[in-house]
Amino acid sequence: MLFTVMMKDNKAFQRCYRMGRYTVCNYMCAYYYPNGTPYNRLGITVTKKQGGAVVRNRIKRIVRAAYRLNEQKLPIGYDIVFVGRNDIADKKSYDIEKFINNRLIADINKAAEKGAFDRKKKKVK
């Protein structure tokens, strides 16, 4: 992956969940938050409800492949966490690629335009 590093620390995942925005479809949820670096960081989460280790690793491979195909279209400088939902084990890489193209890229750009991630200054009394 050209502009991406895998996210491994729990603190970064929690920051995406708590402070970031998200985009949802039936089989996946994607959280995103700006990280202030010249590259993206990618995290993938799949629970044991999805299946055994073989199924979970297959899901991660499919998500990584779909992300890799759309990596150049994504804006740079974000932490992106994909969370698998119930029906994701039945989906193909094409379905996830379609979600990234149609929804995720548009939502990230829209949030950046609206200034959703600008830090708000606290009023001092």
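**Entry 1: V5 and strand β1**

I take a residue as buried under 20% relative accessible area, as exposed over 50%, and as partly exposed in between. I apply this to a predicted model. I looked up V5, which lies in strand β1. Its relative accessibility is 40%, so V5 counts as partly exposed.

I then asked which residues V5 is in contact with, leaving aside its neighbours within four places in sequence. I found Y39, N40, R41 and L42. For L42 I also took the C-alpha separation from V5, which is 6.2 Å, although the two residues are 37 apart along the chain.

**Entry 2: β4 and its strand partners**

I turned next to the pairing of β1 with β4. Three bridges join these strands, and they run parallel. I noted one bridge by residue: T4 is partnered by N40 in β4.

I followed β4 to β5 and found five bridges, again in the parallel sense. Here R41 has D79 of β5 as its bridge partner.

Is β4 enclosed or open, given how many of its six residues are buried? I counted five of the six as buried, so β4 is largely enclosed by the rest of the structure. I also recorded the handedness of the unit formed by β4, α2 and β5: this β-α-β unit is left-handed.

**Entry 3: N40**

I examined N40 separately, as a residue of strand β4. At 1% relative accessibility, N40 falls in the buried class. I looked for a polar partner of the N40 side chain and found the backbone nitrogen of G77, which lies 2.8 Å from a polar atom of that side chain.

I listed the contacts of N40, not counting residues up to four places away in sequence. They are F3, T4, V5, N35, Y67, L74, P75, I76, G77, Y78 and I80.

**Entry 4: β5**

How many of the seven residues of β5 are buried? I found seven, and β5 is accordingly recorded as mostly covered. I sorted these residues by direction: Y78, I80, F82 and G84 point one way from the strand, while D79, V81 and V83 point the other way, and all are buried.

I also checked β5 against β3. The two strands pair in the antiparallel sense over seven bridges. In one of the pairs I inspected, C29 has V83 of β5 as its bridge partner.

**Entry 5: helix α1 and the loop before it**

I listed the buried residues of helix α1, residues 10–19, and obtained A12, F13 and C16. They cover an arc of only 105° around the axis, which puts them on the same side of α1. On the other side of α1 I found N10, K11 and R18 exposed. I then asked what covers the buried residues of α1. The cover includes β3 (28–34), β4 (40–45) and β5 (78–84).

Just outside this helix I looked up D9, which is found in the loop between β1 and α1. Its relative accessibility is 38%, and D9 therefore counts as partly exposed. I compared its position with that of A89: the two are 80 residues apart in sequence, and their C-alpha atoms are 25 Å apart in space.

**Entry 6: helix α2**

I checked the length of helix α2, residues 53–70, against its expected span. At 1.5 Å a residue, the 18 residues should span 26 Å, and the end C-alpha atoms are 26 Å apart, which agrees.

Which residues of α2 are buried? I obtained I59, I62, V63, A66, Y67 and N70. They cover an arc of only 130° around the axis, which puts them on the same side of α2. On the face turned away from this buried side I noted the exposed residues V54, R61 and L69. I listed what covers the buried residues of α2, and the cover includes β1 (4–6), β3, β4, β5 and α3 (93–114).

I noted one link back to Entry 3: Y67, a buried residue of α2, is among the residues that N40 touches.

Key: Residues numbered from 1 in each chain as written. Predicted model: local features only at pLDDT ≥ 70, side-chain atom pairs only at ≥ 80, totals over all residues. Heavy atoms only, no water. Buried < 20%, exposed > 50% of the residue type's maximum accessible area, 1.4 Å probe, protein only. Helix = DSSP H or I, 4+ residues; strand = E, 2+ residues; numbered from the N terminus. Arc of directions from axis to C-beta. Contact = heavy atoms within 4.5 Å. Expected span 1.5 Å × (residues − 1). Pairing = 2+ DSSP bridges. Right-handed = clockwise from strand over helix to strand, strands pointing away. Polar contact = N/O pair within 3.5 Å; in protein donor to acceptor, adjacent residues only side chain to side chain.
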